[in-house]
Amino acid sequence: MDQAQRRILGQSLSIPTAQPKRKRTSVMSLFSKVSWKLRFQKREPLKNVFFILAEKAYDPSAKKRHMAIRGLGTMACETPDKVRKYKKIVLDLLVHGLYDPVSFEVIHESMKTLTIILGKIQGKGLGSFFVDITLQTRTLLDDDNDNLRYSAFVLFGQLAAFAGRKWKKFFASQVKQTQDSLLVHLQDRNPQVARACKTAFRACSPFLRQRKEYSFQNEEDQRNSKLCRQLSHYHPELLQFLYANKIL
């Protein structure tokens with residue numbers, strides 16, 4: 001196993017010393033199985049590591065799913081070409097993780113890894129994955145867990161840059177439904193989340209532009225008046241940004 005493979009597997013299978021012995025044993029067991037499989041490959045190419053991690057991303061154990069997705073994130077950082085080659089497989093794994101029914105750790109790791117991968121591929125070739133990622137990320141903006149909220153705002157802001165012509169109308173509708181969350185979390189109890197929210201607000205601001213042909217213009221005017229009042233009190237510089245770009 002070469003140095004890159006060891007680093008990827010080592011980071012995805014790292015074991016905090018405070019873990020109970022039984023948990024450490026199960027993780028070491030997984031590491032042993034991975035090492036055993038790789039030992040029988042002549043050149044031990046990184047694609048073998050990728051497919052092992054991909055398999056473990058569907059494991060019944062939430063702990064193993066979490067570690068596998070972390071490993072994919074490490075691989076995306078260190079060998080982005082390999083991830084681009086298997087982009088559809090990776091995106092399918094991460095969207096599956098984003099909707100994990102039992103583990104917020106898996107959901108959180110999936111969002112972090114998606115943020116890395118979307119940056120590497122510049123949002124190209126997302127297809128319908130864009131819809132799946134956007135819908136689930138939007139639901140996490142108001143989550144009670146600070147880490148989930150933070151990662152959700154980072155990812156949601158990133159999605160704004162990759163909406164493109166194909167998904168522009170869809171994403172605009174999602175931003176309008178998210179406007180209240182964006183306002184509330186500008187004053188989030190966690191300063192890091194508040195900063196991520198502010199960055200996401202800026203990224204999403206073009207989708208808040210008024211359209212003259214838009215029906216219910218009066219209702220839209222009322223929402224923007226509320227938005228202006230709140231921003232002028234808490235974030236005057238952000239309000240200036242919106243006015244300067246003719247968003248309000």
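These legends describe close-up views of a predicted model.

**Figure 1. The whole chain is built from helices, with 13 helices and zero strands.** Read along the sequence, the elements follow the pattern α-α-α-α-α-α-α-α-α-α-α-α-α. The protein has 248 residues, and 48% of them count as buried. Among contacts with a separation of 6 or more, 68% join residues 24 or more positions apart.

**Figure 2. Helix H4 covers residues 62-78.** At 1.5 Å a residue, the 17 residues of H4 should span 24 Å, and the end C-alpha atoms are 24 Å apart, so the two values agree. Twelve of the 17 residues of H4 are buried, so the helix is largely enclosed by the rest of the structure. The buried residues of H4 include Lys64, Arg65 and His66. Met67, Ala68, Ile69, Gly71 and Leu72 are also among them, as are Gly73, Thr74, Met75 and Ala76. Cys77 is partly exposed, with a relative accessible area of 45%.

**Figure 3. Leu98 lies in helix H6, which covers residues 87-98.** Is Leu98 buried or exposed? Leu98 counts as buried because its relative accessibility is 0%, and the cut-off for buried is under 20%. Leaving aside residues up to four places away in sequence, Leu98 touches Ile107, Ser110, Met111, Leu114, Ile133, Gln136 and Thr137. One of these contacts, Thr137, is 39 residues from Leu98 along the chain, and the C-alpha atoms of Leu98 and Thr137 are separated by 8.1 Å.

**Figure 4. Helix H9 (residues 146-161) packs with helix H10 (residues 164-184).** Two packed helices are described by the angle between their axes and the distance between the axes. For H9 and H10 the angle is about 145°, and the axes are 12 Å apart. The crossing of H9 and H10 is left-handed. On the H9 side, the residues in contact are Phe153, Phe156, Leu159 and Ala160. On the H10 side, they are Phe171, Gln174, Val175, Thr178, Ser181 and Leu182. The residues of this contact divide into seven nonpolar, three polar and no charged.

**Figure 5. Cys197 is shown with Cys204, which holds the closest cysteine sulfur.** Why is there no bond between the sulfur of Cys197 and that of Cys204? The two sulfur atoms are 9.1 Å apart, too far for a bond, because a disulfide needs the sulfur atoms within 2.5 Å. The structure as a whole holds zero disulfides. Cys197 is buried, with a relative accessible area of 0%.

Terms used: Residues numbered from 1 in each chain as written. Predicted model: local features only at pLDDT ≥ 70, side-chain atom pairs only at ≥ 80, totals over all residues. Heavy atoms only, no water. Helix = DSSP H or I, 4+ residues; strand = E, 2+ residues; numbered from the N terminus. Buried < 20%, exposed > 50% of the residue type's maximum accessible area, 1.4 Å probe, protein only. Contact = heavy atoms within 4.5 Å. Axes fitted to C-alpha atoms, helices over the stretch in contact; angles between N-to-C directions. Left-handed = near helix turned anticlockwise from the far one by under 90°. Nonpolar A, V, L, I, M, F, W, Y, C, P; charged D, E, K, R; others polar. Expected span 1.5 Å × (residues − 1).
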